[in-house]
Amino acid sequence: MKNAIFFIAASAIFTSACAGNVQIQVLDRDGKPVPDAVVVVYPSATTGAAPSLLQPSPTIEQERMRFVPAVTVVMPGSTVRFTNQDRWDHHVRGNPTGASAAAASAAASSNFELRLAGKADGKPANFADVKLDTPGVVLLGCHLHGSMRGHVFVTDSAWTLKTDSDGIARFASVPDGAAQVHVWHAEQLVDLPRKALNVVPGPVLDTVQLSVVPRVRRAPPAAPAGPGNTPGGPMGSYSLAPVSAHPAPQHPGS
């Protein structure tokens with residue numbers, strides 16, 4: 001029994017000695033915390049299976065003419081569900097952007113377009129699923145409402161998280177040793193270079209500063225009033241087939 005207790009204790013000490021808790025804070029040009037930045041850690045060594053930090057099948061809502069969440073992080077091969085919670089039609093247009101555009105332009109999964117009918121009272125919301133296979137950034141838009149913008153970050157490292165309201169991404173048990181950190185933000189148009197990081201047992205704190213001051217995301221508009229505020233199009237989920245050109249109701253914010 002004593003030997004078993006000693007083995008467990010020794011294993012815990014060995015594990016803690018080979019991993020560190022890493023916190024990366026992202027600041028804007030003025031030194032203020034930046035939420036919804038994507039932080040990617042590339043450890044030089046791996047011990048065992050990579051952690052499950054990301055949802056395998058996340059949902060992005062179209063709600064009050066916004067993509068919610070504005071930024072979604074997934075691993076390659078993940079299926080993303082788009083759901084229209086509004087009472088009017090929306091498109092979902094996905095295109096690779098930034099440095100990943102050239103590499104991802106040939107990948108069908110990074111270029112997609114679909115249309116979702118508005119949600120009828122008492123009925124479930126319409127949805128469509130898209131599988132994303134290629135690492136890179138996918139810009140989301142809507143043909144009907146030009147102000148709608150969102151992003152899906154398809155990462156090439158399991159060690160990837162978004163920053164919280166304090167601008168911090170917290171990683172537990174990162175493998176000990178040399179690592180690199182990459183930070184992405186939708187409004188940082190010039191990619192930041194990777195930053196070297198030395199992971200040691202215990203807490204590791206570091207900061208990365210953007211060269212921009214991101215705009216505060218606009219508040220959602222009020223629901224359109226009047227007879228035009230009715231669901232459009234047939235109910236049901238939509239495929240990824242090319243969208244046919246047919247008239248759609250226009251609403252404030254288009």
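A positive charge counts as sitting over an aromatic ring if the CZ atom of an arginine, or the NZ atom of a lysine, is within 6 Å of the ring centre and within 35 degrees of the ring normal. In this predicted model, Arg81 meets that description: Arg81 lies over the face of Phe127, at 3.9 Å from the ring centre. A second case involves a tyrosine, with Arg194 placed over the face of Tyr42 at 3.8 Å from the ring centre.

Rings can also be paired with other rings. A pair of this kind is described by how far apart the ring centres are and by the angle that their planes make. A search of the whole structure turns up two aromatic pairs. One of them joins Phe82 and Phe112, whose centres are 5.9 Å apart and whose planes are at 45 degrees, a tilted arrangement. This pair ties together distant parts of the chain: Phe82 belongs to strand E6 (residues 78-84) and Phe112 to strand E8 (residues 112-116), with the two rings 30 residues apart. Are these residues buried or exposed? Phe82 has a relative accessible area of 1%, so Phe82 is buried. Phe112 counts as buried too, because its relative accessibility is 7%, and the cut-off for buried is under 20%.

The other pair is made by Phe153 and Trp184, and this pair is also tilted, with 5.6 Å from centre to centre and 50 degrees between the planes. Here again distant parts of the chain are linked, since Phe153 sits in strand E11 (residues 149-154) and Trp184 in strand E14 (residues 177-184), 31 residues apart. Phe153 has a relative accessibility of 8% and therefore counts as buried. Trp184, at 9% relative accessibility, is likewise counted as buried.

Attention now turns to a sheet. Strands in a sheet pair through backbone hydrogen bonds, and they can do so in a parallel or an antiparallel way. In this model, an open sheet of three strands follows the order E13-E1-E16, and its pairing is mixed. Which strands form the edges? Strand E13 (168-175) and strand E16 (202-209) are the edge strands, each pairing on one side only. From one strand to the next, the twist averages 20 degrees. Strand E1 (residues 19-27) and E16 run parallel and are joined by eight bridges. Within this part of the sheet, Val22 stands opposite Val204 in E16.

How values were computed. Residues numbered from 1 in each chain as written. Predicted model: local features only at pLDDT ≥ 70, side-chain atom pairs only at ≥ 80, totals over all residues. Heavy atoms only, no water. Phe/Tyr/Trp six-rings, centres within 6.5 Å; stacked < 30°, edge-to-face > 60°. Helix = DSSP H or I, 4+ residues; strand = E, 2+ residues; numbered from the N terminus. Buried < 20%, exposed > 50% of the residue type's maximum accessible area, 1.4 Å probe, protein only. Pairing = 2+ DSSP bridges. Axes fitted to C-alpha atoms, helices over the stretch in contact; angles between N-to-C directions.
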